[in-house]
Amino acid sequence: MSHVILGHCCKDASCVAACPRDCIRPIPGDPLFESVEHLYIDPNTCIDCSACVSACPAGAIKPESALSESERQYAERTREYFTANVPMRPGHRTGLALPRAFPRTATPLRIAIVGAGAAAMYTVRELLQRSSTVRITVFEQRAEVGGLLHTAVSRQHDGIRKMVRLFDLPFGDDRVTIRSKVRVGVDVSIAALRRQFDAVVLAVGASQPRDLGAGPIPEVHQALPLLAAVDNARPGTPLRPLRGPTTVVVGGGNVALDVVAAIVEGRMRTHSGGPVTEVTVVARSSVRRPSFTLSALYELAELDATVTVDRGSAPTGDSPDPVQRLLAELAERRAGSTRKRRPLSIALSFGHEVTSVRSIGHRIQVVTGTGRTFTTDSVVCATGFTVTPLAGVPLGESGAIANQQGRVVAPDTGAPIEGLYVVGWAKRGARGGVGDSRRCAAETVDRLVADLAQASGSCRC
């Protein structure tokens, strides 16, 4: 028997370095690494040593013998992956280049990091590994570190939430100072930080919801604060934010499916305390490239609800992509099916860019650019996020900070802004999971170190 990686894998890749048999694929740098949802352990070379279990920050690895019925799909997917890809050579280990070290300076380098989420944590780790004398100050507007691990990850995904323990070691280092409850841009400016520090790294995330033109409509809710309220409610006491039995969730990512799960499980109900009976998920993405992950779709399919795919042409069930296969199965379920009808129906509707949300009497209309209008009692917006504007920080057209591989640049000229860097969602947009920030941070710190070395005239890289 071998170990199996589950769907909530964060792709931090700590397990890759821990495995003594080099069983885990794909690895960072492999062309397949960015496209796969989670990593895979080769069952033909795994020796069940459990080193990967200890290394995994998300608790996403189990022995195959310990898998639950719903988790067995991941063992099958693992076999499919290694059947479709060239088997590795047992015992082969891929060499990893040593990270570039800071240049030696007469006084310790001082680095400011704005934000204390996962991207900041990985950046602190990178900086500490490259210098024994660097001094780091982390500015965080909240009282606690962790960022979206606290505010955006549902308690239903406990393995991911527990990744906050990764902050203990780097943030507890005596070279690191945490300044909490400091709002950069209000209590201190970016310009002031640039004067005080040798470099400033922006790890501010992307927390500003995209504007749907809804205005102050009481029955239009933002997903993240709503989910946080649900998670913080007293056990057994559902939240009652929704006006009636129909709800539209705008957005097609994992957060949107978390909202659906909270409704189905009765943790989110109507004002009167009654159940929601109909949920429509309106996604901008194409059904061919949905924004949610396969594991989130599996969780949706297992809920006590009737799930259908509302679109012109359903995906084909013979697709090699497991997301497409499952969507095809859902698309085939119809009202006339012999399956038992459930009390709540969920429709997934793809390819609709929402252009406006407006109140019409006691109902709400969600208008799309495809000409389709959805009329509902309540709307929950889970549409993705952009960076909150900061004075002195240029934003690109995508809503992320204008940058080139982590160096913040002027959008009009493309010239780097001296001493200013970015990491995480603020750098790459609101996409990718917690583990993606590890490689993102390494790239940014590489650029920072190279710039400081060039400025000091040092060749000790």
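**Exercise 1. Is Pro-290 buried or exposed, and what surrounds Pro-290?**

*Solution.* Step 1: apply the accessibility classes, in which buried means under 20% relative accessible area, exposed over 50%, and partly exposed in between (1.4 Å probe, protein chains only). Pro-290 has a relative accessible area of 17%, so Pro-290 is buried.

Step 2: place the residue. Pro-290 sits in the loop between β14 (278–282) and α11 (294–301). Here helices (H or I, at least four residues) and strands (E, at least two) are DSSP runs, numbered from the N terminus.

Step 3: list the partners, taking contact as heavy atoms within 4.5 Å. With neighbours within four places in sequence set aside, Pro-290 touches Ser-285, Val-323, Gln-324, Leu-327 and Phe-350. For Val-323, 33 residues from Pro-290 along the chain, the C-alpha separation is 8.5 Å.

A word on the model before going on: it is predicted, so local features need pLDDT of at least 70 and side-chain atom pairs count only at pLDDT 80 or more, while totals for chains, interfaces and linings use all residues. Residues are numbered from 1 along each chain as its sequence is written, and side-chain values use heavy atoms, with hydrogens and water left out.

**Exercise 2. How many disulfides are there, and where is the nearest cysteine sulfur to Cys-10 and to Cys-23?**

*Solution.* Step 1: use the rule that a disulfide is a pair of cysteine sulfur atoms within 2.5 Å. The count is 0 disulfides.

Step 2: check Cys-10. The nearest cysteine sulfur belongs to Cys-9, 5.8 Å away, and Cys-10 is in no disulfide. Cys-10 is buried, at 9% relative accessible area.

Step 3: check Cys-23. Cys-23 is in no disulfide either, the nearest cysteine sulfur being that of Cys-19 at 3.9 Å. Cys-23 is buried too, with a relative accessible area of 2%.

**Exercise 3. Which residues line the two largest cavities?**

*Solution.* Step 1: set the terms. On a 1 Å grid over the protein atoms alone, a cavity is a set of points where a 1.4 Å probe fits but cannot get out, and lining residues have an atom within 4 Å of a point. Grid points are joined across faces, edges and corners, and a volume is the space filled by probe spheres set on the points.

Step 2: take the largest cavity, which holds about 80 Å³ of space. Its lining has 14 residues, and Cys-19, Cys-23, Cys-46, Cys-49 and Cys-52 are the closest to its centre. By class, this lining has 10 nonpolar, 2 polar and 2 charged residues. For the classes, Ala, Val, Leu, Ile, Met, Phe, Trp, Tyr, Cys and Pro count as nonpolar, Asp, Glu, Lys and Arg as charged, and the others, Gly among them, as polar.

Step 3: take the second largest cavity, with about 70 Å³ of space. Its lining residues are Ile-5, Cys-9, Cys-10, Lys-11, Asp-12, Ala-13, Ser-14, Cys-15, Cys-56, Pro-57 and Ile-61. They divide into 8 nonpolar, 1 polar and 2 charged.

**Exercise 4. What backbone geometry do Lys-11, Lys-181 and the peptide bond from Arg-25 to Pro-26 have?**

*Solution.* Step 1: recall the background. Most residues other than glycine have a negative phi, and most peptide bonds are trans.

Step 2: look at the lysines. Lys-11, in the loop between β1 (3–5) and α1 (14–18), has a positive phi near 60 degrees and counts as buried at 7% relative accessibility. Lys-181, in the loop between β7 (176–180) and α8 (190–196), has a positive phi of about 55 degrees and is exposed at 61%.

Step 3: look at the peptide bond. From Arg-25 to Pro-26 the bond is cis, with omega near -10 degrees, and Pro-26 lies in the loop between β2 (24–25) and β3 (40–41).

**Exercise 5. Why does the end-to-end distance of helix α14 agree with its expected span?**

*Solution.* Step 1: compute the expected span as 1.5 Å times one less than the number of residues. For the 21 residues of α14 (436–456) this gives 30 Å, and the end C-alpha atoms are 31 Å apart, so the two agree.

Step 2: step past the end of the helix. Gly-457, just after α14, takes a positive phi of about 75 degrees.

Conventions: On a 1 Å grid over the protein atoms alone, a cavity is a set of points where a 1.4 Å probe fits but cannot get out, and a pocket is an open set with protein on both sides within 12 Å along at least five of seven lines; lining residues have an atom within 4 Å of a point.
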